[in-house]
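Trainee: Could you take me through this structure and show me how each description is justified?
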Amino acid sequence: WGEGVRVSDNGNLQAGYFPPMLPDTDGGAVFAYYDNTGVAFDIRVQHVDSGGARRFGNAGVIATTDTSRNHVSPAGAFDVSTGDTYVAWVDEQTLSMQSWHSLRVQRIDANGNRQWGNTGVELVAPAIATTGENALSRPVVLIAPDGVIVAWTTGNTSVSSNPVRAHYLDRDGE
């Protein structure tokens with residue numbers, strides 16, 4: 001790719017945040033990341049092919065069109081057999097001085113189209129995360145037969161237990 005390829009022309013990465021590359025096994029790479037565009041945090045997916053071309057345009061594809069929340073902590077997985085990219089993330093919102101978290105997942109097809117609606121599939125409904133008990137973190141996405149497994153941790157260091165939960169979704173998001 002010569003001197004490198006800019007993954008996106010939009011937004012800025014948060015200081016200290018380094019999104020991982022997911023190999024596409026054909027000499028390219030897929031990125032599932034969040035960026036900051038002003039005061040909003042957006043989840044984007046980009047596929048750079050083996051020649052260094054950005055398959056999802058100059059800004060990648062936004063995983064959710066919801067503008068009422070910040071979208072952070074993405075995790076992605078690339079399905080080599082279909083060209084689909086799955087991405088899960090934590091939605092953060094502040095209401096009445098309380099922090100709320102929810103968890104969503106989206107499937108982006110090989111052409112860069114959102115397959116599970118404009119906002120993805122909700123795996124965890126919004127809950128107050130201020131005390132730490134319902135704080136969501138560390139999503140992980142793994143390709144599974146005919147779908148995907150999404151896992152995450154609930155709770156933070158202020159609570160005594162941090163259960164890990166997992167959910168299987170088929171290609172239709174069920």
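Trainee: Why is Ile149 called partly exposed?

Mentor: Ile149 has 32% relative accessibility, and because buried means under 20% relative accessible area, exposed over 50%, and partly exposed in between (1.4 Å probe, protein chains only), Ile149 counts as partly exposed. Bear in mind that this is a predicted model, where local features need pLDDT of at least 70 and side-chain atom pairs count only at pLDDT 80 or more, while totals for chains, interfaces and linings use all residues. Residues are numbered from 1 along each chain as its sequence is written, and side-chain values use heavy atoms, with hydrogens and water left out.

Trainee: Where does Ile149 lie, and which strands form the open sheet?

Mentor: Ile149 lies in strand S10, which spans residues 147–154; a strand here is a DSSP run of E with at least two residues. The open sheet has the order S9-S10-S11 with antiparallel pairing, and its edge strands are S9 (136–144) and S11 (164–170), each pairing on one side only.

Trainee: How do you know that S10 and S11 pair?

Mentor: Two strands pair if DSSP finds at least two bridges between them, and S10 and S11 have seven, in the antiparallel sense. Within this sheet, Trp152 stands opposite Arg165 in S11.

Trainee: What makes the protein as compact as a globular protein of its length?

Mentor: The radius of gyration, taken over C-alpha atoms, is compared with the globule rule, 2.2 Å times the number of residues to the power 0.38. The protein's value is 16 Å, close to the 16 Å that the rule gives for 174 residues, so the protein is as compact as a globular protein of that length.

How values were computed. Helix = DSSP H or I, 4+ residues; strand = E, 2+ residues; numbered from the N terminus.
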